[in-house]
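Good morning, everyone, and thank you for making the time. I would like to walk through one model with you, and I will begin once it is on the screen.

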Amino acid sequence: MTEQRIDEIELDAVKLGKRVKTARKAVHKTQKAMADLCDCTPTHLSNVEQGKIGISLELLYKISIVTGKSLDYFVMDNPAAKPQTKADELIYPLLVQCDQPMLDMTYDFLKRLVRYHDQMKETLAKELTV
């Protein structure tokens with residue numbers, strides 16, 4: 001995690017809500033069915049999915065069990081989230097669809113991107129010390 005104060009970190013309720021909705025739909029559950037399984041009201045679940053309200057850890061845990069998703073999946077857009085979760089959930093499913101030439105191009109691109117990022121950080125660090 002970057003040097004960010006813990007009191008400056010907030011969960012993005014809208015992004016989290018979208019992930020709840022996506023996970024619910026992936027297991028072919030209506031809001032009512034999911035709400036019944038998770039012991040909340042459909043209105044409450046709808047408000048969570050729309051990002052209008054936050055979500056309790058208990059409800060998120062129940063949703064994760066019903067959907068088969070890890071808790072990390074729902075908060076992977078948070079700056080403090082593990083990068084591995086995003087790689088596993090978003091990038092890996094795309095990579096397995098690639099043929100060998102596409103994988104080679106992707107690998108070369110990522111190497112260049114990381115190298116560029118490192119160079120930019122280094123340049124910025126030098127500029128800040130001057």
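Before anything else, let me fix one term: when I say salt bridge, I mean a side-chain nitrogen of Lys or Arg within 4 Å of a carboxyl oxygen of Asp or Glu. What you have in front of you is a predicted model, so let me turn to confidence before I come to the contacts. The mean pLDDT of the protein is 90, and 91% of its residues reach 70 or more. Going by element, confidence is highest in α3, at a mean of 98, and lowest in α6, where the mean is 87.

With that in mind, let me take the salt bridges, of which the structure holds five; I will discuss some of them. E89 is paired with K69, and their closest N and O atoms are 3.2 Å apart. This pair links distant parts of the chain, since E89 belongs to helix α6, residues 83-95, whereas K69 sits in the loop between α4 and α5, and the two are 20 residues apart. Are these two partners buried, exposed or something in between? E89 has a relative accessibility of 26% and therefore counts as partly exposed, and K69, at 25%, is likewise classed as partly exposed.

Other salt bridges are made within a single helix. In one of them D36 meets K32, with 3.0 Å between the closest N and O atoms. Because these residues are four apart in helix α2, about one helical turn separates D36 from K32. K32 itself counts as exposed, because its relative accessibility is 51%. In helix α4 there is a comparable arrangement, with E58 and K62 being four residues apart and so separated by about one helical turn. Their side chains form a salt bridge at 3.3 Å, N to O. Here E58 is exposed, at 53% relative accessibility, while K62, at 24%, is partly exposed.

Let me stay with helix α4 for a moment and look at its nonpolar residues. On the surface, L57, Y61, I65 and L71 form a nonpolar patch, and together they have about 410 Å² of accessible area. Helix α4, residues 57-67, supplies the largest share of that patch, namely three residues. L57 is found in this helix, and at 62% relative accessibility L57 counts as exposed, the cut-off for that class being over 50%. As background, in soluble globular proteins nonpolar side chains tend to be buried together.

That brings me to the interior. The largest nonpolar core has 15 residues, and those with the most contacts inside it are V20, L45, L59, I63 and F74. Several helices share in building this core: α1 (13-26), α2 (31-38), α3 (42-49), α4 and α5 (71-75) each give two or more residues to it. F74 deserves a closer look, since, leaving out residues up to four places away in sequence, F74 touches L16, R19, V20, A23, L60, I63, S64, T67 and K69. You will recognise K69 in that list as the salt-bridge partner of E89.

R19, also among the contacts of F74, lies in helix α1. Is R19 buried or exposed? With a relative accessible area of 12%, R19 is buried, because buried means under 20%. Beyond its neighbours within four places in sequence, R19 is in contact with Y73, F74, M76, D77 and L90.

Next, a point about the backbone. Most residues other than glycine have a negative phi, which is why exceptions are worth pointing out. H28, which is not a glycine, has a positive phi of about 55°, and H28 is placed in the loop between α1 and α2. D39, in the loop between α2 and α3, also has a positive phi, near 60°. H28 is exposed, with a relative accessible area of 73%, and D39 is exposed as well, at 66%.

Finally, a brief look towards the later part of the chain. F109 belongs to helix α7, residues 100-129, and F109 counts as exposed, with a relative accessibility of 51%. Its C-alpha atom is separated by 14 Å from that of I91, which is 18 residues away along the chain. I will stop there and take your questions.

Technical notes: Residues are numbered from 1 along each chain as its sequence is written. This is a predicted model: local features need pLDDT of at least 70, side-chain atom pairs count only at pLDDT 80 or more; totals for chains, interfaces and linings use all residues. Side-chain values use heavy atoms; hydrogens and water are left out. Patches are made of residues with over 30% relative accessible area and no salt bridge: like charges are joined within 9 Å, nonpolar side chains (Val, Leu, Ile, Met, Phe, Trp, Tyr) within 5 Å. Accessible areas come from the Shrake-Rupley method with a 1.4 Å probe; for residues, only the protein chains shown count as cover. Buried means under 20% relative accessible area, exposed over 50%, partly exposed in between (1.4 Å probe, protein chains only). A nonpolar core is a set of buried Ala, Val, Leu, Ile, Met, Phe, Trp, Tyr and Cys residues joined through side-chain atoms within 4.5 Å. Contact means heavy atoms within 4.5 Å. pLDDT is the predictor's confidence in each residue, from 0 to 100.
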